[in-house]
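Please read the following briefing alongside the sequence and the structure. It begins with one helix and then moves to a neighbouring contact and the overall fold.

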Amino acid sequence: MDNLLLLPVLSFFIGTIVGLTGIGGASLITPMLIFIFQVPPSIAISSDVVAATLMKVVGGIKHWQQKTLDTEIVKWLAMGSVSGSLIGVGVLHQLRTNGYQIDGILLKSLGIMILIVTLAALTQMLLVTFFPQFNLPDPPGLNLKTHQGRFLTLLIGALLGFCVGMTSVSSGSMFALVLVTLFSLDAQKLVGTDITQAAILLIFTSLGHLTLGTVDWSLVLPIWLGSVPGVIVGSKLCQITPQRPLKLVIYSILVMVSWRLVV
């Protein structure tokens, strides 16, 4: 099949998975570009960042209209994550300026990030499935009305934002884990806060990657063409599809993909 047709078809499939499971698209799209289409990691990561921005922005606007988000958490987390992301992009700039071959560095960084995100999500799912009575100690919550709570939220956002700026991975997955662990949000506000924060983060990250000159619009546009309808279809199918078996299969695949990227 011609690549011009294959890319939107596979992007539609990945978008459907994202809509079905909530698994971050960057964990799937970037490895797809590297392994199937032989795209250099620097171009794959930058193009994926720009491609993912549209989906997050559309979702963020919808949740903003529905008021299904926590604006204070979005504000403080985004201030940290945007700063960290731009620092990550700045590091990429410096590495290229100093003549480093960043594709090898990015390949390993990408694999490590996907592995961390996947293992964290897989562990959480297995605990809920097989040990429903297992009670983990309650983590200390963050209170944004205190200076300490705001500082820690900024710091966490900056660290995760840096990882997003470097690898494009975890704009949703790791932030969702932080929201679940450190803030008491209901399910609707959890999703809305996560998507809106990721939308703000990816807008600035995209601008940073555009300055790198590694965004390939011939990849971005077909990904948009396939993934946006895929997310809509996946969201509809979500109501009738058993989630845990599907997530277990996808997480297992991601572990193998991330290991391949690292090794």
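Helix α6 covers residues 147-167, and because each of its 21 residues should add 1.5 Å, a span of 30 Å is expected, which agrees with the 30 Å between its end C-alpha atoms; the expected span is 1.5 Å times one less than the number of residues. This is a predicted model, in which local features need pLDDT of at least 70 and side-chain atom pairs count only at pLDDT 80 or more, while totals for chains, interfaces and linings use all residues. Residues are numbered from 1 along each chain as its sequence is written, and side-chain values use heavy atoms, with hydrogens and water left out.

**Helix α6**
- Buried residues of α6 include Gly 149, Thr 153, Gly 157, Leu 160 and Gly 161, where buried means under 20% relative accessible area with a 1.4 Å probe, protein chains only.
- Ser 168, just after α6, has a positive phi of about 75°.

**Contact of α5 with α6**
- The axes of α5 (residues 102-130) and α6 come within 9 Å and cross at roughly 130°, the axes being lines fitted to C-alpha atoms over the stretch in contact, with angles from 0 to 180 degrees between N-to-C directions.
- Leu 106, Ser 109, Leu 110 and Met 113 of α5 meet Cys 163, Met 166 and Thr 167 of α6, a contact being heavy atoms within 4.5 Å.

**Whole protein**
- The secondary structure comprises ten helices and zero strands, these being DSSP runs of H or I for helices (at least four residues) and E for strands (at least two), numbered from the N terminus.
- Of the 263 residues, 46% count as buried.

Terms used:
Buried means under 20% relative accessible area, exposed over 50%, partly exposed in between (1.4 Å probe, protein chains only).
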